[in-house]
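Biologist: I would like to learn how to read a structure like this one, step by step. Could you take me through it, giving the general idea before each case?

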Amino acid sequence: MTGTIAVLGLGEAGSELARDLATAGAVVRAYDPAVAAAAAGVVVTKSEAEAADGADLVLSVNSASAARPSPRSAGPGTT
């Protein structure tokens with residue numbers, strides 16, 4: 001797999017997705033305000049916008065309460 005994927009949310013599901021995508025060969029940038037670490041091969045960023053910048057795909061994997069605000073914080077074109 002090639003390309004850059006942003007994963008917004010590193011809870012149970014997000015961390016598993018990020019790990020599997022990195023293992024498959026994707027460049028994975030992730031952000032979660034409550035999680036400081038991620039699986040090997042996953043680059044943890046300081047914001048949604050940093051994770052999404054230049055990504056080919058943005059996955060918002062978080063709770064329902066953050067489902068809309070999180071991608072909007074990532075920047076234009078991610079809602």
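**Reading the sheet and its helix**

Modeller: Let us start inside: four of the five residues of β2 are buried, so this strand is largely enclosed by the rest of the structure. Please keep in mind throughout that the model is predicted.

Biologist: Before we go further into the strands, how many helices and strands are there, and in what order do the elements run?

Modeller: The protein chain holds three helices and four strands, and, read from the N terminus, its elements follow the pattern β-α-β-β-α-β-α.

Biologist: How are the strands arranged in the sheet, and which of them are the edge strands?

Modeller: The order of strands across a sheet has to be read from their pairing. Here the four strands form an open sheet in the order β3-β2-β1-β4, with parallel pairing. The edge strands are β3 and β4, each of which pairs on one side only. From one strand to the next, the twist averages 25 degrees.

Biologist: How many bridges join the pairs that involve β2, and which residues are partners?

Modeller: Between β1 and β2, which run parallel, there are five bridges; I5 has V28 of β2 as its bridge partner, and V7 has A30 of β2. On the other pairing, β2 and β3 also run parallel and are joined by three bridges, with R29 standing opposite V43 in β3.

Biologist: What should I look for when I ask how the two faces of a strand are covered?

Modeller: The general idea is that in a regular strand the side chains alternate between the two faces of the sheet. In β1, T4, A6 and L8 on one side and I5 and V7 on the other are all buried, which leaves both faces covered. Counted along the strand, five of the five residues of β1 are buried.

Biologist: Could we take one residue of that strand as a worked case: is T4 buried or exposed, and what is it in contact with?

Modeller: T4 lies in strand β1, and its relative accessible area is 16%; because buried means under 20%, T4 counts as buried. Leaving aside neighbours within four places in sequence, T4 is in contact with V27, R29, A55, D56 and L57.

Biologist: Turning to the helix, how can I check that the length of α1 agrees with its number of residues?

Modeller: One compares an expected span with the distance between the ends. Helix α1, residues 12–23, has 12 residues, and at 1.5 Å a residue these should span 16 Å; the end C-alpha atoms are 17 Å apart, which agrees.

Biologist: Which residues of α1 are buried, and where do they fall around its axis?

Modeller: G14, A18, L21 and A22 are the buried residues of α1. Seen down the helix axis, they fall within an arc of 100 degrees, so they line one face of the helix. On the other side of α1, E12 and T23 are exposed.

Biologist: And what covers the buried residues of α1?

Modeller: The cover includes β1 (4–8), β2 (27–31), β3 (42–44) and β4 (57–60). Just after α1, G25 takes a positive phi of about 110 degrees.

Biologist: How should I read the loops, where residues may sit outside the helices and strands?

Modeller: It helps to ask for accessibility and for distances in space. A34 lies in the loop between β2 and β3 and, at 71% relative accessibility, counts as exposed; its C-alpha atom is separated by 8.4 Å from that of L10, 24 residues apart along the chain. N62 lies in the loop between β4 and α3 (69–74) and is partly exposed, with a relative accessible area of 30%. N62 and E12 are 50 residues apart in sequence, yet 9.3 Å apart in space, C-alpha to C-alpha.

Biologist: Finally, which values describe the chain as a whole?

Modeller: Of the 79 residues of the protein chain, 33% count as buried. The accessible surface comes to about 4500 Å², of which 55% belongs to carbon and sulfur atoms. Among contacts between residues at least 6 apart in sequence, 42% join residues at least 24 apart.

Conventions
Residues are numbered from 1 along each chain as its sequence is written. This is a predicted model: local features need pLDDT of at least 70, side-chain atom pairs count only at pLDDT 80 or more; totals for chains, interfaces and linings use all residues. Side-chain values use heavy atoms; hydrogens and water are left out. The expected span of a helix is 1.5 Å times one less than its number of residues. Buried means under 20% relative accessible area, exposed over 50%, partly exposed in between (1.4 Å probe, protein chains only). The arc is that of the directions from the helix axis to the C-beta atoms. Contact means heavy atoms within 4.5 Å. Accessible areas come from the Shrake-Rupley method with a 1.4 Å probe; for residues, only the protein chains shown count as cover. Two strands pair if DSSP finds at least two bridges between them. Axes are lines fitted to C-alpha atoms, for helices over the stretch in contact, and angles run from 0 to 180 degrees between N-to-C directions.
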